[in-house]
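The exercises below are intended for a reader who is meeting this structure for the first time. Please work through each task before reading its solution.

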Amino acid sequence: MKKSELIKTNAILQESLTKENEKYYSNLIVYIRVMAFFRDERKSEELLLEVLKDILDAQEQGLSAEEYFGKNPKKIADEIINQLPINLFDTIKILLIGMGAYLISTILPALIFPDNGLDIGRIFISGIYWTILVVFSLWLLGISLYQFKNTRSKIFYGLLLGLGVTVGVMVNMFVSTPIKIDLSGRVGIVTIVLVTGILLLIFFNQEDKKVWIPFVPIVVTSAVLGILTRIEFFSTLLISKEGKIGIAVILGILLLIQYVLIFKSSKK
């Protein structure tokens with residue numbers, strides 16, 4: 001069975017779990033997926049599916065997941081992770097997908113205001129930074145499921161992530177490189193239409209569209225705004241101070257929605 005089929009089967013079977021078992025297994029699946037970052041992905045999904053089937057069998061016999069596996073799910077999860085072979089190819093693939101997802105979600109927002117030009121150097125620097133921060137955040141999410149449950153630890157790691165996000169925003173705002181492309185006027189509109197068309201084509205050709213759905217709202221909205229700011233009738237309003245604030249608020253809301261959707265999909 002392919003990895004995508006294993007994940008799909010897993011998501012379907014999870015719907016049969018009781019509320020108590022669903023919580024137990026959700027924590028287990030998130031922990032294993034993020035902590036097995038350097039391990040074989042397909043083997044990881046096979047073992048997760050086996051665990052899920054064991055929980056469902058126990059559930060039919062009137063046993064909860066905790067009664068069946070014990071009150072220390074972290075120990076079970078660590079044993080599963082230790083069984084998984086190291087697979088750096090999978091790790092590199094995940095990092096490249098993460099980098100690609102960042103470029104997809106940022107290249108069109110970067111084209112909204114035509115006077116700024118497209119700073120390719122900054123986009124790649126930011127992409128590397130945010131990819132590293134996301135990997136760190138996922139690792140933190142994994143260990144927080146079974147450790148660091150006291151309030152002081154939660155505040156510390158919350159502040160640490162907040163600092164990471166703040167640095168990332170500052171990189172996006174203040175880092176500037178000489179590698180820029182002028183995409184104002186009709187050239188910019190044609191570029192936006194081409195980029196949007198390619199991204200939508202890639203999206204509709206994906207077998208598992210759920211992974212990419214969180215990026216659709218911000219990509220489409222940015223494309224529309226980027227075209228409108230290059231049309232004289234709308235540009236006066238949109239490029240004004242009030243217009244820029246309004247666009248920033250819209251993008252902020254869409255980013256928040258995007259992160260919520262990504263978090264929810266990571267549990268399935």
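**Exercise 1. Aromatic pairs**

In this predicted model, the count of aromatic pairs comes to five. One of them joins Tyr129 and Trp130, with 5.9 Å from centre to centre and 85° between the planes.

Task: Determine which class of geometry the pair of Tyr129 and Trp130 belongs to, and state whether each residue is buried or exposed to some degree.

Solution.
1. Ring centres must lie within 6.5 Å for a pair to count; the centres of Tyr129 and Trp130 are 5.9 Å apart.
2. Planes over 60 degrees apart count as edge-to-face. With 85° between the planes, the pair of Tyr129 and Trp130 is edge-to-face.
3. Buried means under 20% relative accessible area. Trp130, at 13%, therefore counts as buried, whereas Tyr129, at 23%, counts as partly exposed.

**Exercise 2. The overall build**

Task: Describe the secondary structure elements of the protein chain, their order and the box that the chain fills.

Solution.
1. The protein chain has twelve helices and two strands.
2. Read from the N terminus, the order of the elements is α-α-α-α-α-α-β-α-α-β-α-α-α-α.
3. Along the principal axes, the C-alpha atoms fill a box of roughly 70 × 45 × 35 Å.
4. The protein chain has 268 residues, of which 35% count as buried.
5. A single distance illustrates the extent of the chain. Ala77 and Ile231 are 154 residues apart along the chain, and their C-alpha atoms are separated by 55 Å. Ala77 is located in helix α5, residues 73-83, and counts as buried because its relative accessibility is 0%.

**Exercise 3. Salt bridges**

Task: Find which residues form a network with Glu46, and describe the salt bridge of Asp78.

Solution.
1. Side chains of opposite charge can pair when their charged atoms come close. The whole structure contains four salt bridges.
2. Glu46 forms a salt bridge with Arg42, at 2.6 Å from N to O. Both residues belong to helix α3 and are four residues apart, about one turn of the helix.
3. Glu46 also forms a salt bridge with Lys43, with 4.0 Å between the closest N and O atoms. These two residues are separated by about one helical turn, because they lie three residues apart in helix α3.
4. Arg42, Lys43 and Glu46 are thus linked in a network of salt bridges. Each member is partly exposed: Arg42 at 37%, Lys43 at 35% and Glu46 at 23%.
5. In helix α5, Asp78 and Lys74 are four residues apart, about one turn of the helix. Their salt bridge has its closest N and O atoms 2.7 Å apart. Asp78, at 23%, is partly exposed, and Lys74, at 21%, is partly exposed as well.

**Exercise 4. Surface patches**

Task: Identify which residues form the negative patch and which form the nonpolar patch, and place one member of each in its helix.

Solution.
1. The negative surface patch consists of Glu50, Asp54, Asp57 and Glu60. Asp54 is located in helix α3, residues 41-60.
2. A patch residue needs over 30% relative accessible area. Asp54 is partly exposed at 31%.
3. The nonpolar patch is formed by Ile213, Ile245, Val249, Ile253, Ile257 and Leu261, which together have about 490 Å² of accessible area.
4. Val249 is located in helix α12, residues 241-266, and counts as partly exposed at 47% relative accessibility.

Notes:
Residues numbered from 1 in each chain as written. Predicted model: local features only at pLDDT ≥ 70, side-chain atom pairs only at ≥ 80, totals over all residues. Heavy atoms only, no water. Patch = residues over 30% accessible without salt bridge, like charges linked within 9 Å, V, L, I, M, F, W, Y side chains within 5 Å. Areas by Shrake-Rupley, 256 points an atom, 1.4 Å probe, with all protein chains shown as cover. Salt bridge = Lys/Arg side-chain N within 4 Å of Asp/Glu carboxyl O. Lys, Arg positive; Asp, Glu negative; His and termini not counted. Charge placed at Lys NZ, Arg CZ, Asp CG, Glu CD. Buried < 20%, exposed > 50% of the residue type's maximum accessible area, 1.4 Å probe, protein only. Phe/Tyr/Trp six-rings, centres within 6.5 Å; stacked < 30°, edge-to-face > 60°.
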